[in-house]
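Welcome! Take a moment to look over the sequence and the model below, and then we can walk through them together.

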Amino acid sequence: MDATPEQIRALASPVRLRILRLCATGERTNQELARRLERDPATILHHVRLLVATGLLEPATPRPGRRGAFEKPYRAPGLSGRLRVHAASRAEPQVGTRAAWTACLDEVQEAGGP
């Protein structure tokens with residue numbers, strides 16, 4: 001499947017790539033993502049909404065949370081791994097590569113690496 005320009009832009013962010021990786025291994029709420037990535041929940045919500053709008057992330061079934069409130073988890077349907085990005089459709093060829101490396105480095109540093 002060919003990636004849309006919106007999906008290409010969505011994948012050009014290290015934070016959004018990390019959100020996709022986390023949601024690929026299990027359903028995560030906005031709060032869980034914010035804690036895991038050590039970011040403000042409002043910032044994560046912005047990224048989550050963009051990923052949902054582009055079809056790269058999807059809402060899962062709401063579940064009961066603490067104090068009786070319902071949590072809204074998200075999951076990655078695996079679409080990002082099946083997208084084809086044609087060189088002609090990419091405004092800046094290095095953006096996606098840079099975002100992927102930055103996301104990888106962030107995870108290594110978080111795990112206690114250099």
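Please keep in mind that this is a predicted model. A good place to begin is the second largest pocket, whose lining has 3 nonpolar, 3 polar and 5 charged residues. Its volume is about 290 Å³. If you would like to find it on screen, pick out T29, N30, Q31, E32, R35, L45, R66, F70, E71, K72 and Y74, the residues that line this pocket. Two or more lining residues come from each of α3 (30–37) and β4 (70–71). Helix α3 gives the most to the lining, with 4 residues.

Now let us turn to the strands. An open sheet is built from 3 strands in the order β1-β5-β2, and their pairing is antiparallel. The strands β1 (28–29) and β2 (58–59) stand at the edges with a single partner strand each, so one side of each has no neighbour in the sheet. In general, the strands of a sheet pair through backbone hydrogen bonds. Look at β2 and its partner β5 (residues 73–75): the two run antiparallel and are joined by 2 bridges. You can trace one pairing by eye, since E58 has R75 in β5 as its bridge partner.

Next comes a helix, α2 (residues 14–24). Is it mostly covered or mostly uncovered? Helix α2 is mostly covered, with 8 of its 11 residues buried. Those buried residues are V15, R16, L17, R18, I19, L20, L22 and C23, a list that you can follow along the helix.

Two loop residues round off the tour. One of them, T54, sits in the loop between α4 (41–53) and β2. Is T54 buried or exposed? With a relative accessible area of 16%, T54 falls under the 20% cut-off, so this residue counts as buried. What surrounds T54? Setting aside neighbours within four places in sequence, T54 is in contact with E6, Q7 and A10. In addition, a polar atom of the T54 side chain lies 3.1 Å from the backbone oxygen of L51.

The other residue, E38, belongs to the loop between α3 and α4. Here the relative accessibility is 72%, and because that is over 50%, E38 counts as exposed. Its backbone is worth a glance as well: the phi angle of E38 is near 55 degrees, a positive value in a residue other than glycine. So the two loops offer a contrast, with T54 buried and E38 exposed.

Key
Residues are numbered from 1 along each chain as its sequence is written. This is a predicted model: local features need pLDDT of at least 70, side-chain atom pairs count only at pLDDT 80 or more; totals for chains, interfaces and linings use all residues. Side-chain values use heavy atoms; hydrogens and water are left out. On a 1 Å grid over the protein atoms alone, a cavity is a set of points where a 1.4 Å probe fits but cannot get out, and a pocket is an open set with protein on both sides within 12 Å along at least five of seven lines; lining residues have an atom within 4 Å of a point. Grid points are joined across faces, edges and corners, and a volume is the space filled by probe spheres set on the points. Ala, Val, Leu, Ile, Met, Phe, Trp, Tyr, Cys and Pro count as nonpolar, Asp, Glu, Lys and Arg as charged, and the others, Gly among them, as polar. Buried means under 20% relative accessible area, exposed over 50%, partly exposed in between (1.4 Å probe, protein chains only). Two strands pair if DSSP finds at least two bridges between them. A polar contact is a pair of N or O atoms within 3.5 Å; within protein, one must be able to donate a hydrogen and the other to accept it, and residues adjacent in sequence count only if both atoms are side-chain atoms. Contact means heavy atoms within 4.5 Å.
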